[in-house]
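Me: I would like a close look at a single part of this structure, namely how its helices are built and how they pack. Please explain each term as it arises.

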Amino acid sequence: MTQAAVRDEDAAPERSLLARVAAADRPTLALIGVLVALVVANGLIDRNFLSLSQLRNTLLVTAPLALLAGGQTLCMLTGGIDLSVAMTATAAAYVTGVQSADGPAVLAIAAGLLVGVVVGLVNGLAIGVFKVNPLIMTLGMSGILTGLLTVGSQTFLGGATRMSELVLELGGGTIVGPIPWNLVVWLLLGGALVVGLRRTGLGRLIYAVGDNRVACRLAGVRIWQVETAVYTLCALLAAVAGILIGGRSGSVDLQLAGSYLLPSVAAAVIGGTSILGGIGGYTGTILGALILAVLDTMLNLLTVDEALKQVLYGCIILALSWAYARGTASA
Amino acid sequence: MATATATTRPLGPAAGRLARRHAWTGAVVTFFVLLLAWNASQTRNFGAFEIQTLLASTLPLAYLAMAQSVVVIGGGIDLSVGAMLVLINCLSARFMEGTDLRGSLLVAAGCLAVAAALGALTGLVITVSRIPDIIVTLAASFVWGGAALFVLHTPGGGTSTGFQALVLGSGSAWWPALLCLLAPLLLVWAPLRRSRTGIAVYALGSDRNAAYLSGVDPLCTRVVAYAVDGLLCGLAGLATTAFTAGGSPQSTIAMNATLNSVAAIVLGGVALSGGVGGLMGPVFAVWCLYLIPNIMLGLGVDPSYGEVVKGVVVVLVVLAGGLLRARRNRAP
């Protein structure tokens, strides 16, 4: 019935502000609808799901995924993709873990973040300045990091990886009630992303580069600077996410964040960010990450086995992006 | 380089492109020969056995690189190749267990039919839904991975020794693996490439709109490309079954295989933008990527650095290719 109302407004020569907002945010509203439906379904399956402790668990899982997907969103908005986020996160967590064993916690975290910045700078400069295809560059970077970590874990990064109390608290600790610490980290960075994309010059340039690269170049935009900034930010967010994941699990291995790579792309896509660039935003990605996390919980609650879980996961990603494509095509 | 293309330009864009394509394949083949010679000089009594090992252990990835090439030439990308490999690997390992050679071959034929059908279905969904290839195949990779777990919960299954010998050869007999590699090239790809549909695949990859306006049917073309992709992934799965004598439904295998296939096609001269490249270049690239860790082992370097070197090589090759292209465009 709301759709009918919107359509009526469309037909009218002068559309009211409310109808325009509703039309522009229709995909977001639909995503919220899907999320609410999933939460209600979860509540029906298991009454405990709506409890505070379960809410806390869901948020704990969502925060790192949403951060990784945030970086992915930035890259996808410029028309690129970052396939090295998972390995960057793992590397950052690993370095933090090793440094934590002998040294102050803050320095260890700084070392982990530095890994992210270096990886992102290399990615960004190669893609922006040397025009390497983003898919290949980040794929190569992923391989390079895998190799370095495999060797490093036996030589220069050897020794115990034990997360410090600070990291453990950040990754899995609770402030009050259902609110974990990592939610605070996510809210700060996520808020900065949402505002930054909408209100700052860089944010607008990111959309512009993804929308029409040639026009940007002709307008005097230094595309390489935008791309370098985007891939550096993406890797930095990945490093933060990696440290949070490491803090939650308490120990670090080389497979720590591997399972987050495809969901990070999926969350951005479900949230309506186009893989071709220029369309989307972080609010959608947040909803996408929440939907994936709630979906994951639901499949766990139903105690479906891993096989069916993966099949359903794939089908739902496909169904959501199909519905999204149809929705935007008709709009 | 710039002068070379300048002289070929009067021959027309088609001839120029042909020359460039062969130039890249030639470079990859030369690179492979150099690496092979280096590796041979490190190994005492380098001979048929080493060749057999090379061919047999790279057979799955070589098929997979060919599969990825077909799709990328057609202007898409398939992130589900690895998952399809794992699915067919599990399917065949489960049903081949305890059969003789004839039974195994029947199962293999069935698996290939399933793989081609699933590939065609992927192509159909991509065309009908108009979602980018990368998203559909990403979703498909979850579905195939789940299906593989459904078929085989834990690593297991088996195959017949006759099937293993037929596909990979035994001892130092290297020609069965080579024949198996060449069979789909000669029986499927060579006729297809010369047919209307094959040319349509290249056309669709070069310029989707121009192809559509010249009467190429996108639906039919993409379904055929993805069906061939599925068939080749199926072969990769069967080769894995023969090589490991069992099935393993681990998603990390799928992930690594997919990433390696993309790296191999880029090294092999298939442009990610579509419409350029062939199937032989990627196969040689797979062999090169296999030899790099071996050579490093021979040099006494930790072979784990092989991943680092592979990554650097892939990035540098793409970088060099991009620079050459930029210089060519700048040349009058």
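Reply: The following account takes single helices, then pairs of helices, and then the contact between chains.

This is a predicted model, in which local features need pLDDT of at least 70 and side-chain atom pairs count only at pLDDT 80 or more, while totals for chains, interfaces and linings use all residues. Residues are numbered from 1 along each chain as its sequence is written, and chains are lettered from A and ligands numbered from 1 in the order in which they are written.

Helices here are DSSP runs of H or I with at least four residues, and strands are runs of E with at least two, numbered from the N terminus. Helix α4 of chain A covers residues 52-77. The expected span of a helix is 1.5 Å times one less than its number of residues. For the 26 residues of α4(A) the expected span is 38 Å, and the end C-alpha atoms lie 35 Å apart, which agrees. A kink of about 30° is found at A:Thr62, shortly before the proline A:Pro64; the bend at a residue is the angle between axes fitted to the seven residues ending there and the seven starting there. After α4(A) comes A:Gly79, with a positive phi near 90°.

Two packed helices are described by the angle between their axes and the distance between the axes. Axes are lines fitted to C-alpha atoms, for helices over the stretch in contact, and angles run from 0 to 180 degrees between N-to-C directions. In chain A, the axes of α5 (residues 85-101) and α12 (residues 223-249) come within 7 Å and cross at roughly 55°. This makes α5(A) oblique to α12(A), since angles under 35 degrees count as roughly parallel, over 145 as roughly antiparallel, 65 to 115 as roughly perpendicular and the rest as oblique. Residues are in contact if their C-beta atoms, placed from the backbone, lie within 7 Å. Among the residues that meet are A:Ala89 and A:Ala93 in α5(A) and A:Ala238 and A:Gly242 in α12(A). The contact has eleven nonpolar, six polar and no charged residues; Ala, Val, Leu, Ile, Met, Phe, Trp, Tyr, Cys and Pro count as nonpolar, Asp, Glu, Lys and Arg as charged, and the others, Gly among them, as polar.

In chain B, α7 (residues 161-168) and α8 (residues 175-194) pack at about 75° with axes 5 Å apart, and are therefore roughly perpendicular. B:Leu166, B:Val167 and B:Leu168 of α7(B) meet B:Pro176, B:Ala177 and B:Cys180 of α8(B).

Between the chains, the contact takes 37 residues from chain B and 39 residues from chain A. On the side of chain B, the largest share, 13 residues, comes from α6(B).

Conventions. Two residues are in contact if their C-beta atoms, placed from the backbone, lie within 7 Å.
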